Amino acid sequence: MLYLKYLIRLFPNSKFINITRDVRDSAISAANFSGIEQGNNLKKFVFYWRKCIRSRLKIDSKNILDVTYEN
């Protein structure tokens with residue numbers, strides 16, 4: 001999400017799928033995956049997750065399909 005605005009500018013005709021996962025499930029997965037440094041600290045992860053969500057909400061584009069992971 002943090003690079004989506006840049007990607008839209010670079011590839012204006014592209015379509016994007018944004019899959020949002022529940023913060024609780026995301027935090028559990030992040031804690032079990034060493035590739036996500038925020039996963040070691042729940043508070044840091046929640047701030048990171050919220051930053052990603054807010055980043056998406058700032059972008060208005062018809063080329064983004066939003067889906068929730070749980071659905």
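**Exercise 1.** Which side chain meets that of Asp66 in a salt bridge? Locate both partners in the predicted model and state how far each is covered.

*Solution.* Step one is to identify the partner: the side chain of Asp66 meets that of Arg56 in a salt bridge, at 2.7 Å from N to O. Step two places the pair, with Asp66 in strand β2 and Arg56 in helix α3, so that the salt bridge ties together parts that are 10 residues apart in sequence. Step three turns to accessibility, for which the cut-offs are under 20% for buried and over 50% for exposed. Arg56, at 11% relative accessibility, therefore counts as buried, whereas Asp66, at 41%, counts as partly exposed.

**Exercise 2.** Determine how many salt bridges the structure holds, and describe the one that involves Arg24.

*Solution.* The structure holds two salt bridges. Arg24 forms a salt bridge with Asp22, and the closest N and O atoms are 2.9 Å apart. Of these partners, Arg24 is exposed, with a relative accessible area of 58%, while Asp22 counts as partly exposed at 22%. Asp22 also has a contact with the backbone of Arg24: at the start of α2, a side-chain oxygen of Asp22 reaches to within 2.9 Å of the backbone nitrogen of Arg24.

**Exercise 3.** Work out which residues of helix α2 are buried, and explain why they line one face of the helix.

*Solution.* Begin with the residues themselves: in α2, which covers residues 23-31, Ser26, Ala27 and Ala30 are buried. Seen down the helix axis, the buried residues of α2 fall within an arc of 100 degrees, and they therefore line one face. The general background is that an α-helix has 3.6 residues a turn, so residues three or four places apart point the same way. Next, ask what covers this face: the buried residues of α2 pack against α3, which spans residues 42-57. Finally, consider the face turned away from the buried side, where the exposed residues Arg24 and Ile28 are carried.

**Exercise 4.** Describe the surroundings of Asn63, starting from its place in the chain.

*Solution.* Asn63 is found in the loop between α3 and β2, the latter being residues 64-68. Although Asn63 belongs to a loop, it counts as buried, at 12% relative accessibility. Leaving aside residues up to four places away in sequence, Asn63 touches Pro12, Asn13, Ser14, Lys15 and Phe16. With Pro12 there is a polar contact as well, in which the side chain of Asn63 reaches the backbone oxygen of Pro12 at 3.1 Å.

**Exercise 5.** Name the residues of the nonpolar surface patch, and find the helix that gives the most to the patch.

*Solution.* The patch is formed by Leu2, Tyr3, Tyr6, Leu7, Leu10, Phe11 and Tyr48, which together have about 690 Å² of accessible area. Helix α1, residues 4-10, gives the most, with three residues. Phe11, by contrast, lies in the loop between α1 and β1, and at 42% relative accessibility Phe11 counts as partly exposed.

**Exercise 6.** Set these details within the chain as a whole, beginning with the order of its elements.

*Solution.* Three helices and two strands make up the secondary structure, and from the N terminus on they run α-β-α-α-β. Of the 71 residues, 24% count as buried. Among contacts between residues at least 6 apart in sequence, 67% join residues at least 24 apart. The accessible surface of the chain comes to about 5900 Å², and 56% of that area belongs to carbon and sulfur atoms.

Terms used
Residues numbered from 1 in each chain as written. Predicted model: local features only at pLDDT ≥ 70, side-chain atom pairs only at ≥ 80, totals over all residues. Heavy atoms only, no water. Buried < 20%, exposed > 50% of the residue type's maximum accessible area, 1.4 Å probe, protein only. Helix = DSSP H or I, 4+ residues; strand = E, 2+ residues; numbered from the N terminus. Arc of directions from axis to C-beta. Contact = heavy atoms within 4.5 Å. Polar contact = N/O pair within 3.5 Å; in protein donor to acceptor, adjacent residues only side chain to side chain. Patch = residues over 30% accessible without salt bridge, like charges linked within 9 Å, V, L, I, M, F, W, Y side chains within 5 Å. Areas by Shrake-Rupley, 256 points an atom, 1.4 Å probe, with all protein chains shown as cover. Salt bridge = Lys/Arg side-chain N within 4 Å of Asp/Glu carboxyl O.
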